[in-house]
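Work through the exercises below with the structure open. Try each task before reading its solution.

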Amino acid sequence: MAVSAVQTSLTNARASLAAVIETEMSYQQTNGPKPSYSVGGRSVSWTEWLASSLASLKEFDDAIQRLSGPSIFYTRGRA
């Protein structure tokens, strides 16, 4: 798969995740926060879900940046 295709896929996945986060945040602002709960040995914590989702967004951003090519930083100052 070409780099541009991978970058496009990552960008689309990031946009989809950002849309889901935005939808959830909008829902919670309108209806109040969702409760955390445990059913059948499986627990759901919305605060952990949000933290994990935001971390995933950062990982997408980092991966997209790495595929964009090298970054060159010029600095001036004393050595």
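The exercises cover salt bridges and one helix of this predicted model.

**Exercise 1.** Find how many salt bridges there are, taking a side-chain nitrogen of Lys or Arg within 4 Å of a carboxyl oxygen of Asp or Glu.

Solution.
- Step 1. Side chains of opposite charge can pair when their charged atoms come close.
- Step 2. Applying the cut-off gives three salt bridges.
- Step 3. Asp61 pairs with Arg14, with the closest N and O atoms 2.5 Å apart. Asp61 sits in helix α2 (residues 46-67) and Arg14 in helix α1 (residues 3-31), so this pair ties together parts 47 residues apart in sequence.
- Step 4. Lys34 pairs with Glu24; here the closest N and O atoms are 2.7 Å apart. Lys34 belongs to the loop between α1 and β1 (37-39), while Glu24 is in helix α1, so the pair ties together parts ten residues apart in sequence.
- Step 5. Lys58 and Asp62 meet at 3.2 Å, N to O. Both lie in helix α2, four residues apart, about one turn of the helix.

**Exercise 2.** Decide for Asp61, Arg14, Lys34 and Glu24 whether each is buried or partly exposed.

Solution.
- Step 1. Buried means under 20% relative accessible area; exposed means over 50%; partly exposed lies in between.
- Step 2. Asp61 has 34% and is partly exposed. Its partner Arg14, at 26%, is also partly exposed.
- Step 3. Lys34 has 23%, so it is partly exposed. Glu24 has 17%, so it is buried.

**Exercise 3.** Check the length of α2 against a rise of 1.5 Å a residue.

Solution.
- Step 1. α2 has 22 residues and should span 32 Å.
- Step 2. Its end C-alpha atoms are 31 Å apart, which agrees.

**Exercise 4.** Work out which residues of α2 are buried, how they are arranged around the axis, and what they pack against.

Solution.
- Step 1. The buried residues are Trp46, Ser53, Leu57, Ala63 and Ile64.
- Step 2. Looking down the axis of α2, these residues fall within an arc of 130°, so they line one face of the helix.
- Step 3. An α-helix has 3.6 residues a turn, so residues three or four places apart point the same way.
- Step 4. The buried residues of α2 pack against α1, β1 and β2 (42-44).
- Step 5. The face turned away from the buried side carries the exposed residues Thr47, Glu48, Lys58, Glu59 and Arg66.

**Exercise 5.** Find which residue just after α2 takes a positive phi.

Solution.
- Step 1. Gly69 follows just after α2.
- Step 2. Its phi is about 115°.

Notes. Residues are numbered from 1 along each chain as its sequence is written. This is a predicted model: local features need pLDDT of at least 70, side-chain atom pairs count only at pLDDT 80 or more; totals for chains, interfaces and linings use all residues. Side-chain values use heavy atoms; hydrogens and water are left out. Helices (H or I, at least four residues) and strands (E, at least two) are DSSP runs, numbered from the N terminus. Buried means under 20% relative accessible area, exposed over 50%, partly exposed in between (1.4 Å probe, protein chains only). The expected span of a helix is 1.5 Å times one less than its number of residues. The arc is that of the directions from the helix axis to the C-beta atoms. Contact means heavy atoms within 4.5 Å.
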